[in-house]
Each structure stands twice: as structure tokens, then as C-alpha cells.
Amino acid sequence: MNSLQNFYKFSTQFKNISNKLFNNIYKIDHYAYRTFDINTILQKYPDYKLEEDKYEFSNNVSARWLSKENNPSIFVSQYN
């Protein structure tokens, strides 16, 4: 059994969270991507709106939010 399978089998915290997630008690509010080129992610989600907020981090990373009504947001960070 690999370590990921072992984690799934023995992690009670993961089991509790996944049960709540898949029974619609918890909702996914966003997804996150890390990339070297933000445009590759933008092409995958043409229906999403690029938000005006821009984030710059000290480790040479920038990030943006994508949004679409009634869908989880997408947070994209890019290594510059």
C-alpha cells in the first residue's frame, strides 16, 4: 500500500471532511493553480472573469482571481 492509500485508509480527519464535502454540507469555494504562465489557465476558463485584484508576493510570485457567478472562484499564482 502506498503512502497516499495509507493516508486515505487511516485518516479519520480526512474521512470526516470528505463525508461532509460529498454530502453537500461543505461547499468548494475556490480552486487554486500554480503555473509559470497564467495565460495557459486563462485559456482553460474562457467563461470566467479576470478580477482586477493583483497580488505580488516577495518570493517572485504574482497571483490573480478568476470568477464566474454561481461557480467556485479560481486563484492562479504564477512564478515570475
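**Why these labels? A chat about the structure**

K49 has S67 in β3 as its bridge partner.

Visitor: What kind of model is this?
Guide: It's a predicted model.

Visitor: How do you know that β2 and β3 pair, and which way do they run?
Guide: Pairing takes at least two bridges between the strands. β2 and β3 (residues 61–67) are joined by six bridges and run antiparallel, so they count as a pair.

Visitor: What makes β1 and β2 edge strands in the sheet?
Guide: The open sheet has four strands, ordered β1-β4-β3-β2, with mixed pairing. β1 and β2 (49–57) each have a single partner strand, so one side of each lacks a neighbour in the sheet. On average, neighbouring strands here are turned by 20° against each other, direction ignored.

Visitor: Why is the pair of F36 and Y79 called tilted?
Guide: Ring centres must lie within 6.5 Å to pair, and tilted covers what is neither under 30 degrees nor over 60. For F36 and Y79 the centres are 5.6 Å apart and the planes stand at 40°, so tilted it is. F36 sits in the loop between β1 (30–35) and α3 (38–44), while Y79 belongs to strand β4 (residues 73–79), 43 residues apart.

Visitor: Why does F36 count as exposed?
Guide: Exposed means over 50%, and F36 has 71% relative accessibility, so it qualifies.

Visitor: And what makes Y79 partly exposed?
Guide: Its relative accessible area is 37%. Buried would be under 20% and exposed over 50%, so Y79 falls in between.

Visitor: How many aromatic pairs turn up in the whole structure?
Guide: Five. There's also one aromatic cluster formed by Y33, Y45 and Y48.

Definitions and conventions
Residues numbered from 1 in each chain as written. Predicted model: local features only at pLDDT ≥ 70, side-chain atom pairs only at ≥ 80, totals over all residues. Heavy atoms only, no water. Phe/Tyr/Trp six-rings, centres within 6.5 Å; stacked < 30°, edge-to-face > 60°. Helix = DSSP H or I, 4+ residues; strand = E, 2+ residues; numbered from the N terminus. Buried < 20%, exposed > 50% of the residue type's maximum accessible area, 1.4 Å probe, protein only. Axes fitted to C-alpha atoms, helices over the stretch in contact; angles between N-to-C directions.
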